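Student: I have a structure to study. Could we go through it in questions and answers?

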Amino acid sequence: KGYAYLLQALALLAEDLPTVRLALVGGGEERPALEDLARRLGLAERVEFAGQQSGVAEWLRRMDIFVLPSLQEGLPTVVLESMACGTPVIATEIPGTRELVQNGANGWLVPPSDAPALAGAIRRAVGDYTARRRCALAGMKTAQGYAISASAAQYVELYRELVG
């Protein structure tokens, strides 16, 4: 999923943004290695390994920024969930996220496997409340387009066109 690059990006931000914290929500077999990397990078006090959570929306609403450093994805529902919660998104520019995030409009895209680029995007987003708010509002509109009601309306319209 690319979380090691996110930890490396946080380490690059340590001096300029000492108050930035990271919450990693979810579980998986990478966790012990990521916890070790966080310790080695001197980030143990700045990273919370929250584990599997049932109330993910509450976590997303508490975040100032959601970061998805994935190396590959299908259509990442967590990006849509973040957008629906009004949390601006930084994600890697890979298939799937490219379908959802328009760079600078409703979130930010960075190259995969690039910790310095990820750190730069986080730095810019943290430093620009207006841009974060603009992306959050645009992201909410994007997420609405993927709601069940919107999809159902699109299917109804398609059937009407076909039946004609």
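Student: Which residues line the largest cavity?
Tutor: Keep in mind that this is a predicted model. A search of the whole structure finds 1 cavity of 30 Å³ or more. Its lining is made up of G2, Y5, P69, T92, V110, P111, P112, S113, D114, A115 and L118.

Student: What volume does the largest cavity have?
Tutor: Rolling a probe the size of a water molecule over the atoms shows where empty space is left. For the largest cavity, the volume comes to about 30 Å³.

Student: How many residues of that cavity lining are nonpolar, polar and charged?
Tutor: Among the lining residues are Y5, P69 and D114. Tyr and Pro count as nonpolar, while Asp counts as charged. Sorted this way, the lining of the largest cavity holds 7 nonpolar, 3 polar and 1 charged.

Student: Now the largest pocket. Which residues lie nearest its centre?
Tutor: The largest pocket has a volume of about 1,100 Å³. Its lining counts 42 residues. Nearest the centre are L22, A23, L24, V25 and M63.

Student: Which elements each supply at least two residues of the lining of the largest pocket?
Tutor: Take the strands and helices in turn. The strands are strand 1 (22-25), strand 2 (47-51) and strand 3. The helices are helix 1, helix 2, helix 3 (56-62), helix 4 (77-84) and helix 6 (115-127).

Student: How does the lining of the largest pocket divide by residue type?
Tutor: The pocket lining has 42 residues to sort. They divide into 24 nonpolar, 6 polar and 12 charged.

Student: In what order do the strands of the open sheet lie?
Tutor: Strands of a sheet pair through backbone hydrogen bonds, either parallel or antiparallel. Here 3 strands form the sheet, and the pairing is parallel. Their order is 3-4-5.

Student: Why is one side of strand 3 and of strand 5 left without a neighbour in the sheet?
Tutor: Strand 3 (66-68) and strand 5 (108-110) stand at the edges, so each has a single partner strand. From one strand to the next, the twist averages 15 degrees. The reason for the free sides, then, is the place of both strands at the edges.

Student: What is the bridge partner of A91 in strand 5?
Tutor: Strand 4 (residues 89-92) and strand 5 run parallel. They are joined by 3 bridges. The partner of A91 is L109.

Student: How are helix 1 and helix 2 set to each other?
Tutor: Two packed helices are described by the angle between their axes and the distance between the axes. The axes of helix 1 (residues 3-12) and helix 2 (residues 31-40) come within 10 Å and cross at roughly 15 degrees. The crossing is right-handed. Angles under 35 degrees count as roughly parallel, so helix 1 and helix 2 are roughly parallel.

Student: And what about helix 1 and helix 6?
Tutor: Their axes are 8 Å apart, at an angle of about 60 degrees. The crossing of helix 1 and helix 6 is right-handed. Helix 1 and helix 6 are therefore oblique.

Student: What is the handedness of the crossing of helix 4 and helix 7?
Tutor: The axes of helix 4 and helix 7 (residues 129-144) come within 7 Å and cross at roughly 120 degrees. The two helices are therefore oblique to each other. Helix 4 passes helix 7 in a crossing that is left-handed.

Student: How many helices and strands does the protein have?
Tutor: From the N terminus on, the elements run α-β-α-β-α-β-α-β-α-β-α-α-α. The C-alpha trace spans about 65 × 35 × 25 Å along its principal axes. The count is 8 helices and 5 strands.

Key. Residues are numbered from 1 along each chain as its sequence is written. This is a predicted model: local features need pLDDT of at least 70, side-chain atom pairs count only at pLDDT 80 or more; totals for chains, interfaces and linings use all residues. Side-chain values use heavy atoms; hydrogens and water are left out. Two strands pair if DSSP finds at least two bridges between them. Helices (H or I, at least four residues) and strands (E, at least two) are DSSP runs, numbered from the N terminus. Axes are lines fitted to C-alpha atoms, for helices over the stretch in contact, and angles run from 0 to 180 degrees between N-to-C directions. On a 1 Å grid over the protein atoms alone, a cavity is a set of points where a 1.4 Å probe fits but cannot get out, and a pocket is an open set with protein on both sides within 12 Å along at least five of seven lines; lining residues have an atom within 4 Å of a point. Grid points are joined across faces, edges and corners, and a volume is the space filled by probe spheres set on the points. Angles under 35 degrees count as roughly parallel, over 145 as roughly antiparallel, 65 to 115 as roughly perpendicular and the rest as oblique. A crossing is left-handed if the near helix is turned anticlockwise from the far one by less than a right angle, and right-handed if clockwise.
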